[in-house]
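Hi,

Here is the structure we talked about, with a few notes on a pocket and on the cysteines below it.

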Amino acid sequence: MGWNMLGNRIKRARKALGLSLRDLGDQIDLSHAAIKKYEDNEVTPSSDILIKLAKALHVKVEYFFRPERFTLENLQYRKHADMPEKQLEEIKAKMLDQIERRVELESLFPSPPIQEFSLGEKKIRSYDDIESVASLIRKQWKLGLEPLPDLIDIFEEHGIKVFEIDNEQYPKFDGLSASINNMPIIVIGNQWPGDRQRFTLAHELGHLALNGFFTPVSLDEEVCCNRFAGAFLLPKDALIVILGEHRNYIEPRELSLLKQEFGISMLSILHRAEDTGIISNSLYHQLRSEFNERGWSKREPGEQYPKEETHIFEQMIFHALAEEYIGESKAAELMNMPLESFRSLRAMESQDVAHHQ
């Protein structure tokens, strides 16, 4: 890579921290104009300045020399309309950094440990067709009708990379799907309850599955993806076996037990029961208003469904280390951790083995 890529790296690291040109300049005693010249590749920073930039931007100097290989395409994100553009830029910059580390790690393996993502052709003419798309994917992936315990692992095994973002920092972020060099990626919040993470994962899979297929203008894409998410997490046939074909009422406790079994919210199960014709539209609205009255639309009763965990990145790092594809310092760099912290993680000294992806 030539020096001309350096500016892009500086800009991306600055955006990932949400810093303005002036903020960064102030931290290393330079004018915002000087920083802009570096970012525009008009001036090449000296090694002293690079060291200062690395420190201010919380990156290693090597970061500036990593090749620029990736661009985000087909970006679909669920966010509140008032989410600031600057925050979306930060999220995108953080994603690109995680993806680069991930792809670099995968490239170190003699044969890639991850299979490529592919889905067959589908025609969608109505919301009901979406049920069959969801069941087709479950069939292709040999998932049966059972509850899916580790959704992230399932996605990763089928070539979809899943990343997490700290959604306490971005409370208006609702999930994102994109492709990078034809690799599909999904981004979820790491602080959400498990059922919300899972619904977002399945919703974003809907975007990937339905992207580019014949979807009439009359169908709303977000509604399609919500329908897909419900059908993927809780297939119609499984729901009919449990609830029966027709119901005149459903006890909240039944919904709560189903939530714990399938990892989908009580409200979403209610929605599924209406989608599949088990309950009438009027009963759905009656139960919805009961939920609203009891405050359950904001926080559902009972235990929260446990969060999804991403293990694959860390597993691959230790696999590569065990096979000597990489050394400790490279492993620490890929994990984005100081070497000392990585060593104690490796030695299993820390009781709280946090995820540092």
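Which element gives the most to the lining of the second largest pocket? That would be α12, with five residues. Before the rest, the small print: this is a predicted model, where local features need pLDDT of at least 70 and side-chain atom pairs count only at pLDDT 80 or more, while totals for chains, interfaces and linings use all residues. Residues are numbered from 1 along each chain as its sequence is written, and side-chain values use heavy atoms, leaving out hydrogens and water.

The pocket holds about 810 Å³ of space. (A pocket is an open set of points on a 1 Å grid over the protein atoms alone, where a 1.4 Å probe fits, with protein on both sides within 12 Å along at least five of seven lines; lining residues have an atom within 4 Å of a point.) It has 27 lining residues, and Arg196, Phe199, Ser265, Leu267 and Ser268 sit closest to its centre. Two or more lining residues come from each of α8 (194–210), α9 (221–233) and α12 (266–275); helices here are DSSP runs of H or I with at least four residues. By type, the lining has twelve charged, nine polar and six nonpolar residues.

On to the cysteines. The whole structure has zero disulfides, a disulfide being a pair of cysteine sulfur atoms within 2.5 Å. Why is Cys225 not bonded to Cys224? Because their sulfurs are 6.6 Å apart, too far for a bond. Cys224 is buried, at 1% relative accessibility (buried means under 20%, with a 1.4 Å probe and protein chains only), and Cys225 is buried too, at 0%.

Cheers

Definitions and conventions: Grid points are joined across faces, edges and corners, and a volume is the space filled by probe spheres set on the points. Ala, Val, Leu, Ile, Met, Phe, Trp, Tyr, Cys and Pro count as nonpolar, Asp, Glu, Lys and Arg as charged, and the others, Gly among them, as polar. Buried means under 20% relative accessible area, exposed over 50%, partly exposed in between (1.4 Å probe, protein chains only).
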